[in-house]
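Trainee: Could we work through this structure together, with the reasoning spelled out before each result?

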Amino acid sequence: MNVDLVVVGAGLFGLTVAERCAGRLGMRVLVVEARRHIGGNAYSELEPETGIEVHRYGAHLFHTSNESVWAYANRFTRFTDYVHRVYTRHGDEIFPLPINLATINQFTRSAMSPSEAAAWVRDRAAQYRDGDVSNLERKAISLIGRDLYEAFVRGYTAKQWEADPMDLPATVIARLPVRYTYDNRYFSDTHEGLPVDGYTRWFERMIDSDRVEILLGNDFLDRRSAVNKHNTVGRVEVVYTGPLDRYFDRVAGGLTWRTLDFAWEVVPTGDYQGTAVINYADRSIPYLRTIEFRHFHPERDHPRDRSVIAREYSRLARPEDEPYYPVNSTMDRHTLHRYRNLARQETGVHFGGRLGTYRYLDMHMAIASALRVVDRLAARRTV
Ligand code: UDP
């Protein structure tokens, strides 16, 4: 094989490694990808009937406070000034998220000031304030009090994880802030926006180089594939971003993942819900949220009489499903430890990305981590 590096997986992590190794280190890189497209779960395409850009694997919002990641992404695309906001339906009402002063005042039918609202929450959080906040339920109640927890978190979390919030780690909820102002921006990062001409154009520009070749529909772990583990490892350096357990034939057992199902619909209206994302907090509604894609790009020309929506459902992944969220149970952590030891012994192979490290990574985290791997590869080449 006439290349210096094989990157397995064309998601954001793999593409960043490929682009930097080619562009900065002058390496010849082959990227092999099992799917028929690049971009991993951030892949987007135009829905054929309406021409509206849809994120095939669920809503992807780019945001970062990391200046080098922001500068790096801006080399390949400009970003719109889209600011993400999320609303949630509880009972027959729509409330703003993350939980903020507007949510609290609407919920309590009152007009509390920031300090009054904070006192109200403190009152309802007293139960767990000084004690054990090791599980999601205790942690959430310590932050927002029992009433808000039961309205906005308990049902949603149970649907997303199919587990009792008492059995889930507190870290899951760390993503959801509470604010005593009327600021309802979903993210608090310095930079935020959507790629002006879509995610896929952004990713295509990253690999627009003579030194990068892409092979789609090539499953690296299938011996029948043109480029596979058997005929590659040991002969050329590999960056592997596929599922960690599959790389080792699941010798230590399977790592568990949550997957998402999307029910797609083209609806006969120019505006179905008035915003991009509405969460459904109650357990009586089986889906987690409804995404209406046109609202991600208000600057574009869209049909006036049709819109594309996707309802998102969450469930435990079987081996043949797309893995999305690591479950990270106690058993998983034990299994992961064994795979990490095996990975360390695998010479010439670097494991990275969400699937390769069994860590939930936002897009900016995948880029940052890929840039660090390339720094390490560069340092090694100069010694
Ligand atoms: N969450 C919640 N209610 C909501 C939205 C989020 O309780 O309406 C909690 C829930 O426990 C979830 C976590 O916050 O697992 C992270 O949710 P988010 O929607 O930010 O995750 P994403 O799927 O967008 O990465």
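Trainee: Is D321 buried or exposed, and what is its relative accessible area?

Mentor: This is a predicted model, in which local features need pLDDT of at least 70 and side-chain atom pairs count only at pLDDT 80 or more, while totals for chains, interfaces and linings use all residues. Residues are numbered from 1 along each chain as its sequence is written, and side-chain values use heavy atoms, with hydrogens and water left out. Buried means under 20% relative accessible area, exposed means over 50%, and partly exposed lies in between (1.4 Å probe, protein chains only). By that scale D321 is buried, its relative accessible area being 15%.

Trainee: Which residue does D321 meet in a salt bridge, and at what N to O distance?

Mentor: A salt bridge requires a side-chain nitrogen of Lys or Arg within 4 Å of a carboxyl oxygen of Asp or Glu. The residue that meets D321 in this way counts as partly exposed, since its relative accessibility is 22%. The pair is completed by R315, with an N to O separation of 2.9 Å.

Trainee: Which residues belong to the network that contains R315 and D321?

Mentor: The contact between R315 and D321 does not stand by itself, for salt bridges that share partners tie several residues into one network. Its members are D261, R315, R318, E320 and D321.

Trainee: How many salt bridges are there by this rule, and how many residues apart are R306 and E49?

Mentor: The count by this rule comes to 30. One of the pairs is R306 with E49, whose closest N and O atoms are 4.0 Å apart; R306 is partly exposed at 26% relative accessible area, and E49 is likewise partly exposed at 48%. R306 sits in the loop between β13 and β14 and E49 in the loop between β3 (44–46) and β4 (53–55), so that this salt bridge links distant parts of the chain, with a separation in residues of 257.

Trainee: What is the distance between the closest N and O atoms of D197 and R205?

Mentor: Both residues are partly exposed, D197 with a relative accessible area of 39% and R205 with 27%. They form a salt bridge in which the closest N and O atoms lie apart by 2.7 Å.

Trainee: Which strands stand at the edges of the open sheet?

Mentor: Strands here are DSSP runs of E with at least two residues, and helices are runs of H or I with at least four, numbered from the N terminus; two strands pair if DSSP finds at least two bridges between them. The open sheet has 7 strands with mixed pairing, in the order β7-β6-β12-β13-β14-β11-β15. An edge strand has a single partner, so one of its sides is left without a neighbour in the sheet, and this applies to β7 (93–97) and β15 (325–326).

Trainee: In β14, which residue stands opposite R289?

Mentor: Strand β13 (residues 289–292) directs R289 and I291 one way and T290 and E292 the other, and all are buried. On one side β13 pairs with β12 in the antiparallel sense over 3 bridges, where T290 is the bridge partner of I278. The pairing of β13 with strand β14 (residues 307–316) is also antiparallel, over 4 bridges, and there the residue opposite R289 is E312.

Trainee: What is the phi of Y358?

Mentor: Most residues other than glycine have a negative phi, and most peptide bonds are trans. Y358 lies in the loop between α10 (353–357) and α11 and is buried, at a relative accessible area of 1%. Although Y358 is not a glycine, its phi is positive, at about 55 degrees.

Trainee: Which elements give two or more residues to the positive patch?

Mentor: Patches are made of residues with over 30% relative accessible area and no salt bridge, like charges being joined within 9 Å and nonpolar side chains (Val, Leu, Ile, Met, Phe, Trp, Tyr) within 5 Å. On the surface, R340, R344, R359, R372 and R376 gather in a patch of positive charge. The elements that contribute two or more of its residues are α9 (330–345) and α11 (363–382).

Technical notes: Areas by Shrake-Rupley, 256 points an atom, 1.4 Å probe, with all protein chains shown as cover. Lys, Arg positive; Asp, Glu negative; His and termini not counted. Charge placed at Lys NZ, Arg CZ, Asp CG, Glu CD.
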